[in-house]
Amino acid sequence: MRITSRRAIVPLLMVGGLLAAACGSSSSSSTTTTAASGGSSGGATVSVSTFTKDFTTMADLKSVTAAGKGKVAVILPDTVSSARYTEFDAPYLTKAFAAAGLSTSDTIIQNAQGSDSTQLTDAQSDITSGATVLVVDPLDAGVGNSIESYAKSHGVPVIDYDRLVLGGSRKYYVSFDNVKVGTLIGKGMVACVAAWKVPSPKLAVMVGSPTDNNATLFAQGYNAVLNPLIAAGTYKVLARPAGTWDPPTALTEFQQAYTANPTMNGVLVPNDENAAPIISYLKTLNIPAKKFPVTGQDATLIGIQNIISGYQCGTAYKPIYLEAQAAAALALYLRAGKTPPAGLVNGTVKDTTANVNVPSSLLIPEWVTPATVESTVVADGFVPASQICTGAYAADCTTYGIH
Ligand code: GAL
């Protein structure tokens, strides 16, 4: 069984029904494999390891698309918590469905702009206008459950996209291994502390929104990295703010923590958008580059620029074009009433509220540092060098061979 990223094959070992990545980090959320039942005509070659940045695999699904009916509606959460939904998810999902032969008239891609009521009314109107499958990245478990209950009552299957709706009734879940994302962030902080020679790290450890299950899983990953260091007395955690995906709120949380703990010399931040205002604030205090470690996630443009200029240690890069293709493929199988191939549904993730193992497509994230920007996000066409290397960042691009 393999789940691969484009740069490394990560053979996965079955260990007592749990998947443990051969590289030693087991996915702490209880993932076990599930063998998809029944055959699937068309696209049988499609699996999480066949998707590439040029979307060629999606053409294998044209017969599945032809066998289906109705619209596929995707509802993304917002445009503030992360630039990813505008920069990456929406364009990649659009491209994936088109490459699989779904007509634009049968493809709906919406963004709820941070409003629970909008996300629910979008789902309801999509079903009214003929959606036979919903792909939802829920703002929170509450609206996620409302959408899934409504969809179920109308016989419309739902795919949880990127965030799992705890207590929900979705058919499939598509995401990255989010505990692994957290592990990368934790290990990225530790590597940065060493590289930047931070004498005795005294950190704030921040979290995302408490209503986002991913935030819980990210924290599970990075706390598992930090806790032994804290127990050994090597690291100190001076503050653990409440948590948010709202960048201005994240800034306020950090400012309050830093003011109350002036010996603080680093902050673990779970995504690029929350890190950006914190880095801008540190600059107003004349804190120089490579002095105060900050972490991130999503490999957004602002995150990459903060990384190459020495204010952010790195970012957990999630090649969204993999997640978008996996979600689109699963949606098209559901729309055709067909069972997806086993390679596409390559694991399960436990919904700890509903106490069920959810059949899932789980993809592999990777940690990006200044030295690997060119070979990852630029090589993938994820963030073009032309956008990164503007103004003062041009010199940083020269330093790190980004072009
Ligand atoms: C998470 C998502 C991350 C991060 C955050 C803010 O659920 O997996 O990519 O950006 O939300 O939207």
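Biologist: Before we start, which residues count as charged here?
Modeller: Asp, Glu, Lys and Arg count as charged. Ala, Val, Leu, Ile, Met, Phe, Trp, Tyr, Cys and Pro count as nonpolar, and the others, Gly among them, as polar. Keep in mind that this is a predicted model.

Biologist: Fine. How does the shell around the ligand divide, then?
Modeller: Six of its residues are charged, five are polar and three are nonpolar.

Biologist: Which residues are the closest?
Modeller: S81, D162, R163, D212 and D298 are the closest of the 14 that surround the ligand.

Biologist: What about D298 and an oxygen atom of the ligand?
Modeller: A side-chain N or O atom of D298 is 2.4 Å from a ligand oxygen. For D212 the distance is 2.6 Å. For Y85 it is 2.8 Å.

Biologist: Is the ligand buried or exposed?
Modeller: Buried. Alone, the ligand exposes 310 Å², and the protein buries 100% of that. The ligand's space is the largest cavity.

Biologist: New topic. Which helices supply the shell?
Modeller: Helix 2 (84-99) and helix 6 (213-231) each give at least two residues.

Biologist: And where does the ligand lie relative to the domains?
Modeller: Between domain 1 (13-176 + 319-364) and domain 2 (178-317 + 367-399), because both give residues to the shell.

Key
Residues numbered from 1 in each chain as written. Predicted model: local features only at pLDDT ≥ 70, side-chain atom pairs only at ≥ 80, totals over all residues. Heavy atoms only, no water. Near = heavy atom within 4 Å. Polar contact = N/O pair within 3.5 Å; in protein donor to acceptor, adjacent residues only side chain to side chain. Areas by Shrake-Rupley, 256 points an atom, 1.4 Å probe, with all protein chains shown as cover. 1 Å grid on protein atoms, 1.4 Å probe; cavity = no way out; pocket = protein on both sides within 12 Å on 5 of 7 lines; lining within 4 Å. Sits in = over half its atoms within 2 Å of the grid points. Helix = DSSP H or I, 4+ residues; strand = E, 2+ residues; numbered from the N terminus. Domains from an automatic or database assignment.
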